[in-house]
Amino acid sequence: MRRVLAMLIAMIIVLCACGGEQSGEPQLPPSEEPVRLESLTLECSAPRGSGSEFPAAAKAFGAALQEALAAEGVEVETLRLTFSRMDAATADALESGGVTLGIMGIGGALVQQGEVLLGLSRNRDELSCALLIAGESEYGKQLAWRTKTAPLTAEEWSRAKIGAVEADRVLIAAAQQLLYESAGYTLETYHAYATVEELLAAVKSGAVDAAVVRAEDTEDFWALTESRMLYEGTVVLSSAAEELQSEQMKTALRKAFLLAAESEAGRELLKQYACGGFAAVSEEEILAMRDLAMWEELA
């Protein structure tokens, strides 16, 4: 009897030792079930000057976004794509909940009831900066010299012939905001040019005393103002989409947009907005973007 009992005790010790070894092995985490959404609506507000190729580019991006969402663990049964020709229409649809996500400009219709998930960046790797540079005219040279000692005044700006690319409304709005905040000067009129090349030629010839440009477009002229970061548009999540309001879901949405942007369809859609990529935005930048939206509406 004692012999049998001893054998049982020995067996128990061996089994416990084996169990200890097994518990020490790395255990795989349980696989998470993907989040399933019955539907999601993405509305693309068409950029200024977009043509017949825009709907096809947006539709292709919608498919790429659906695939990217699945890769991030969000399976969307139906991703519906809609279009608008005005940011105001997209903003209204976001606020009412008729649209889940919107790609739109930063115009005065920038929705206040939604959350800005990402910004549209003109460059893929870095944001654009707005600059006012000095022209090669006599007065332009005077302005450049003055900025070495003190900021320019509203009176000095009012006497300057300022040039800008007429179609670049975001850049013009940024210049208006910058001049008002730095000197109390309201830029109401400017000499309009069709292209950056034409504008820079006017700067070199002295046809304008100052010009509104992006920092990446020139390195050869004196900057009269400090630079300001620019976003060309936004990706906005409707506050009415209650199932997407968790930080986990917002993170998945951001990652999916960034992933979809790397696809051929993503690059084609970004071209429609004259952009190179999406970019994360801070709370401070979102507030600045909303302020700029007012100036863009007035531009």
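## A buried lysine in helix H8

Lysine 250 has a relative accessible area of 6%, so this residue counts as buried. The structure here is a predicted model, and this lysine is a good place to start looking around in it. Its partner is glutamate 247: the two side chains form a salt bridge, with 3.8 Å between N and O. Both residues belong to helix H8, which covers residues 247–261, and they sit 3 residues apart, about one turn of the helix.

The two ends of this pair differ in their surroundings. Glutamate 247 is exposed, at 52% relative accessible area, whereas lysine 250 is buried. The pair also belongs to a wider set: a network of salt bridges links Glu115, Glu247, Lys250 and Arg254.

## The chain as a whole

Stepping back, you will find 10 helices and 11 strands in the chain. The chain has 299 residues, and 46% of them count as buried. Its accessible surface is about 16,300 Å², with 53% of that belonging to carbon and sulfur atoms.

Contacts between distant parts of the sequence are well represented. Taking the contacts in the chain with a separation of 6 or more, 78% are between residues 24 or more positions apart.

## Salt bridges across the sequence

How many salt bridges does a search of the whole structure find? The count is 11. In general, side chains of opposite charge can pair when their charged atoms come close.

One of these pairs is arginine 146 with glutamate 156, whose closest N and O atoms are 2.6 Å apart. Since arginine 146 lies in helix H4 and glutamate 156 in helix H5, the salt bridge ties together parts that are 10 residues apart in sequence. Arginine 146 is partly exposed, with 26% relative accessible area, while glutamate 156 is buried at 12%.

Another pair joins aspartate 168 to arginine 214, and here the closest N and O atoms are 3.0 Å apart. This salt bridge links distant parts of the chain, 46 residues apart: aspartate 168 is in the loop between strand E6 (162–165) and helix H6 (169–183), and arginine 214 is in strand E8 (residues 210–214). Are these two residues buried or exposed? Aspartate 168 is buried, with a relative accessible area of 12%, and arginine 214 is buried too, at 2%.

## Threonine 147 and its contacts

Next in sequence after arginine 146 comes threonine 147, which is placed in the loop between helix H4 (138–146) and helix H5 (154–158). Which residues does threonine 147 contact, leaving aside its neighbours within four places in sequence? They are Leu152, Trp222 and Leu224.

The contact with leucine 224 is worth a look in the viewer. Threonine 147 and leucine 224 are 77 residues apart in sequence, yet their C-alpha atoms are 6.4 Å apart in space.

## A negative patch on the surface

Finally, turn to the surface, where Asp125, Glu126, Glu197, Glu198, Glu216 and Asp217 form a negative patch. Among these residues, glutamate 197 is located in helix H7, which spans residues 196–205. With a relative accessibility of 59%, glutamate 197 counts as exposed, because the cut-off for exposed is over 50%.

Methods
Residues numbered from 1 in each chain as written. Predicted model: local features only at pLDDT ≥ 70, side-chain atom pairs only at ≥ 80, totals over all residues. Heavy atoms only, no water. Patch = residues over 30% accessible without salt bridge, like charges linked within 9 Å, V, L, I, M, F, W, Y side chains within 5 Å. Areas by Shrake-Rupley, 256 points an atom, 1.4 Å probe, with all protein chains shown as cover. Salt bridge = Lys/Arg side-chain N within 4 Å of Asp/Glu carboxyl O. Lys, Arg positive; Asp, Glu negative; His and termini not counted. Charge placed at Lys NZ, Arg CZ, Asp CG, Glu CD. Helix = DSSP H or I, 4+ residues; strand = E, 2+ residues; numbered from the N terminus. Buried < 20%, exposed > 50% of the residue type's maximum accessible area, 1.4 Å probe, protein only. Contact = heavy atoms within 4.5 Å.
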